[in-house]
Amino acid sequence: MVVLGSGFSRKSTITCGLRSGPRKSLWRSRVLSTESIQAVQSLKLARSTDKLEEVFSSRVSRLLKEDLIATLTELQRQNEWELALKVFEFVRNELWYKPDLSLYSDMIYMFGKNKLIETAEDLFFKLKKEGLKPDTRTCTEMIGAFLQVGMVEKAMETYRSMKESGCAPDKLTLTILIRNLEKAGEEELASTVKKDCEEYVDSPEKFLEEVGRKYVLFEYPLVPGVVCSPSHTTG
């Protein structure tokens, strides 16, 4: 089990990168600054705890808000989940930090992809503890994480809770469930989800036809936040 909590904290109270006005999403462009590139490289080179502490103190703590988020995003892209978790916890300790669903969703996706389900669940619990209400994407990432490790009951439990909370599943949610349930031989559960398509999808018959086509290529999205269309076909 991977335990949340990096053990690294900022020693100073630098608040660079703050913006006035309505808070925007913490998601930023993938064009990395020199500082972010150097931070990523230094973190990857530092393998011992002592060296990591030095990198956090000398490089990570000096990053502006946008560069810090960009560093986290790049570590996620490279699937450096151990380092990403440490940077994520560092971000959560920043003075400017406010709970953000997109950050949590990206982290849940990454750990789900790596089949580290306990950490994904811990993140899902932690975001609710911080006062956030899971949205469609967050629930979908958690459902996908459960299905990655064959935890069908937990996936369906999350799906039911999602609907009961008033959070409507989208085409990605339904496609992930239908295809994985059918693959697992859970035809009855798959039929239940298919029936829900009448409520949540325009032209449900057309949608289910697309989902069921043998030549449709559908994979759990490889990039956080990128929705793979069920109608995407191989060339």
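Are Arg-92 and Glu-89 buried or exposed? Both Arg-92 and Glu-89 are buried, where buried means under 20% relative accessible area, exposed means over 50%, and partly exposed lies in between (1.4 Å probe, protein chains only). The model is predicted, so local features need pLDDT of at least 70 and side-chain atom pairs count only at pLDDT 80 or more, while totals for chains, interfaces and linings use all residues. Residues are numbered from 1 along each chain as its sequence is written, and side-chain values use heavy atoms, with hydrogens and water left out.

Arg-92 and Glu-89 form a salt bridge, their closest N and O atoms being 2.9 Å apart. A salt bridge here is a side-chain nitrogen of Lys or Arg within 4 Å of a carboxyl oxygen of Asp or Glu. By this rule the count comes to 9 salt bridges. Arg-92 and Glu-89 sit 3 residues apart, about one turn, in helix α4 (residues 81-92). Helices are DSSP runs of H or I with at least four residues, strands are runs of E with at least two, and both are numbered from the N terminus.

Another pair within one helix is found in α7 (residues 136-148), where Arg-137 and Glu-141 are 4 residues apart, about one turn. Their side chains meet in a salt bridge at 3.0 Å, N to O. Glu-141 is buried because its relative accessible area is 5%, whereas Arg-137, at 24%, is partly exposed.

A third salt bridge joins Lys-194 and Glu-182 at 2.7 Å, N to O. Lys-194 belongs to helix α10 and Glu-182 to helix α9 (residues 171-183), so this pair ties together parts that are 12 residues apart in sequence. Lys-194 is partly exposed, with 30% relative accessibility, and Glu-182 is partly exposed at 30%. Elsewhere, salt bridges that share partners join Glu-89, Arg-92 and Glu-130 into one network.

Helix α10 also contains Glu-187, which is partly exposed because its relative accessibility is 44%. Glu-187 forms a negative surface patch with Glu-153, Glu-157, Glu-186 and Glu-188. Patch residues have over 30% relative accessible area and no salt bridge; like charges are joined within 9 Å, and nonpolar side chains (Val, Leu, Ile, Met, Phe, Trp, Tyr) within 5 Å. Helices α8 (152-164) and α10 (187-200) each supply at least two residues of the negative patch.

An unreviewed UniProt entry lists residues 100-134 and 135-169 as "repeat: PPR". Residues 100-134 are 74% helix and 0% strand, with end C-alpha atoms 10 Å apart. Residues 135-169 are 74% helix and 0% strand, with end C-alpha atoms 9 Å apart.

Methods:
Areas by Shrake-Rupley, 256 points an atom, 1.4 Å probe, with all protein chains shown as cover. Lys, Arg positive; Asp, Glu negative; His and termini not counted. Charge placed at Lys NZ, Arg CZ, Asp CG, Glu CD. UniProt positions renumbered as here; feature names shortened; annotations may be inferred.
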